[in-house]
Amino acid sequence: MNRTQTRTKWLAGIALVGASALVITGCSTPAPEATEDTGGGDRPAEVDLTLQLGSLLPSTGSLSFLGAPMEAGVQLAVSEINDAAAGIQVELTAADEGDLDNKAYETSITNLQSAGITAMVGAASSSVTKLILDGNAGSGILTVSPSNTSADFTGINPLYFRTAPSDNLQGEVLGNQIAEDGHKTLGIIYQNDPYGTGLFEAIKSTFEGTGGEVVAEASYNQGDGQFNAQVQTVAAANPDAVAIVSYDQFATIAPLLGNAGVDTGALYLVDGNLKDWPDLGVSLEGSKGTRAGAELPDDFIDQLNEVWTAEGNEPIDALTYSAEAYDATILIALAALQAVSVEGEDIAGAMQEVSGGSGEGEKCTSFVDCAEIINAGGTADYDGYSGEITFNDDNDPEGAAIGVYEFDAENVTTRIK
């Protein structure tokens, strides 16, 4: 990957809770001469766009372990877009989302809007997106989340898209997996927010639909640090298995379950807490979990780490939603190129088209190839690392790959299907 056409600098004043805002700016490489019009209607002969793109992803807070892979995905995509010199350059301003406790997003979103962004990748948390979406839409900013899974977001706003599937799909896969593993009774611990309640309801309804019984359920609020009451409620029901819908609170909940006599080899995790847990203190061998996304090729993982460590960061040890963030960025740039505009509403108007939602596009799997189709007057149908995507009329991706993972004796996950 050629990074010579990309430069980075740290901006003072766009920071909160120790996290700075990163700006990646493409050098002024002139756009290539466009081909003659071949059916593109009023498409100009030459396109030269500069997109002000923001990212609002967590470098602090309860989802910070997901921030690095998503931010790396955005940065990798921006680097490839700028290197392509295909008529659009992206200037990226990255800011910390934080979480509902430290509220980093409050200052960050104000700074991003003041920076003049017209499109944004983020937020990671469904709860944070709900708080900032109206303000973004009112400012004409397109918001594309790589990880919002709450069913509440389906068709919520014309200026909102997501590259991650709804909780309904992940909950269905996990609920069926629990039943397939032979469990007849289930306890569920979940966080009380749009993400947690959505997944809880999907898991419960699916598992009960197979003939299983949810014998205990207990919720907690984000910011809670004590989970003894929830663990006691579940342990008292003596379920065959326990599903835990959380973020990094899992690090506290799992050992408590083990101490209460619950089999920690029969725990079921979700995308918010599924990662390797080598230092957890209890064995998860045999436990399983789900997260969205296709199996990622080694070269993509290598490129993620190349772009991420080039900024002085440690190598990425989790890949959750990295592909969805990468694809979100590529789709925004392709939609801007298709619309010949960097205004949020115009980009939103072309998102479905470049994802293949029109059913008329030519398949392509990289920004370079898709941009070539668009600049020649055609319609691109981008398929990315996260899957085919294809936005429907509700701005949700149609279908998605949901991976099932299992923990080994070292509490390391392996994808099993």
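**Cavities and a sheet**

Me: The lining of the largest cavity divides into six nonpolar residues, four polar and one charged. What makes a residue nonpolar, polar or charged here?

Reply: This is a predicted model, where local features need pLDDT of at least 70, side-chain atom pairs count only at pLDDT 80 or more, and totals for chains, interfaces and linings use all residues. Residues are numbered from 1 along each chain as its sequence is written, and side-chain values use heavy atoms, without hydrogens and water. Ala, Val, Leu, Ile, Met, Phe, Trp, Tyr, Cys and Pro count as nonpolar; Asp, Glu, Lys and Arg as charged; the others, Gly among them, as polar. The lining includes Leu-63, Tyr-195, Ser-147, Gly-272 and Asp-271. So Leu-63 and Tyr-195 are nonpolar, Ser-147 and Gly-272 polar, and Asp-271 charged.

Me: Why is this space called a cavity?

Reply: On a 1 Å grid over the protein atoms alone, a cavity is a set of points where a 1.4 Å probe fits but cannot get out; lining residues have an atom within 4 Å of a point. Three cavities reach 30 Å³ or more. The largest has a volume of about 70 Å³, the second largest about 40 Å³.

Me: How do you know that β15 and β16 pair?

Reply: Two strands pair if DSSP finds at least two bridges between them. Three bridges join β15 (residues 402–407) to β16, running antiparallel. So they pair. In one bridge, Glu-406 partners Thr-414 of β16.

Me: What makes β9 and β16 edge strands?

Reply: The open sheet runs β9-β8-β10-β11-β12-β15-β16. β9 (213–220) and β16 (413–415) each have a single partner strand, so one side of each has no neighbour in the sheet.

Terms used: 1 Å grid on protein atoms, 1.4 Å probe; cavity = no way out; pocket = protein on both sides within 12 Å on 5 of 7 lines; lining within 4 Å. Points joined across faces, edges and corners; volume = space filled by probe spheres on them. Helix = DSSP H or I, 4+ residues; strand = E, 2+ residues; numbered from the N terminus.
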